[in-house]
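Ready to get to know a new protein? Grab a pencil and work through a few short exercises.

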Amino acid sequence: MNLSFNTKLAEGYSSNSQIARVLTENWVKENSYCPCCGNFPLSEFKNNSPVAVFYCLKCSEEFELKGNRLEVSPEFAQVCVVA
Ligand SMILES: [Zn+2]
């Protein structure tokens with residue numbers, strides 16, 4: 001797992017929030033895996049949502065990227081433990 005951001009992607013952006021979003025989204029795309037089934041990598045929904053939404057091709061779970069962390073609902077975590 002690569003723990004550093006690809007800062008070249010931030011070139012051309014002036015706002016800190018835009019830079020943070022570009023870097024964290026890219027990092028998730030390249031480094032994250034499904035916390036439920038371990039599938040790698042996660043895929044990103046291409047929509048105009050204010051938050052980045054990723055999904056797992058294997059188990060179809062969805063995750064929202066807020067700030068710099070993936071949100072997983074408590075219900076979902078329970079399903080994972082049971083499965
Ligand atoms: Zn999965």
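The exercises below walk through this predicted model, each with a worked solution.

**Exercise 1.** Find out in which order the elements of the protein run from the N terminus on.

*Solution.* Start with the inventory: there are two helices and four strands. Now put them in order, and you get α-β-β-β-β-α.

**Exercise 2.** Work out which element has the lowest mean pLDDT and which the highest.

*Solution.* Take the whole chain to begin with: its mean pLDDT is 79, and 78% of the residues reach 70 or more. Next, go element by element. Helix α2, residues 74–82, comes out lowest with a mean of 54, while strand β1, residues 43–44, comes out highest with 89. A word of caution here: predicted coordinates shouldn't be read in detail where pLDDT is low.

**Exercise 3.** Locate the cis peptide bond and say which residues it joins.

*Solution.* Look for an unusual omega: it is about -5 degrees at the bond between phenylalanine 40 and proline 41. Then place it on the chain: proline 41 sits in the loop between α1 (16–31) and β1.

**Exercise 4.** Decide whether serine 60 is buried or exposed.

*Solution.* First find the residue: serine 60 lies in the loop linking β2 (52–55) and β3 (62–66). Its phi is positive, about 65 degrees, even though it is not a glycine. Now count neighbours: 10 other C-beta atoms lie within 10 Å of serine 60. The cut-off for exposed is 12 or fewer, so serine 60 is exposed.

**Exercise 5.** State what percentage of the protein's residues count as buried.

*Solution.* Take the 83 residues together: 8% of them count as buried.

Conventions. Residues are numbered from 1 along each chain as its sequence is written. This is a predicted model: local features need pLDDT of at least 70, side-chain atom pairs count only at pLDDT 80 or more; totals for chains, interfaces and linings use all residues. A residue is buried if 20 or more other C-beta atoms lie within 10 Å of its own, exposed if 12 or fewer, and partly exposed in between; C-beta atoms are placed from the backbone. pLDDT is the predictor's confidence in each residue, from 0 to 100.
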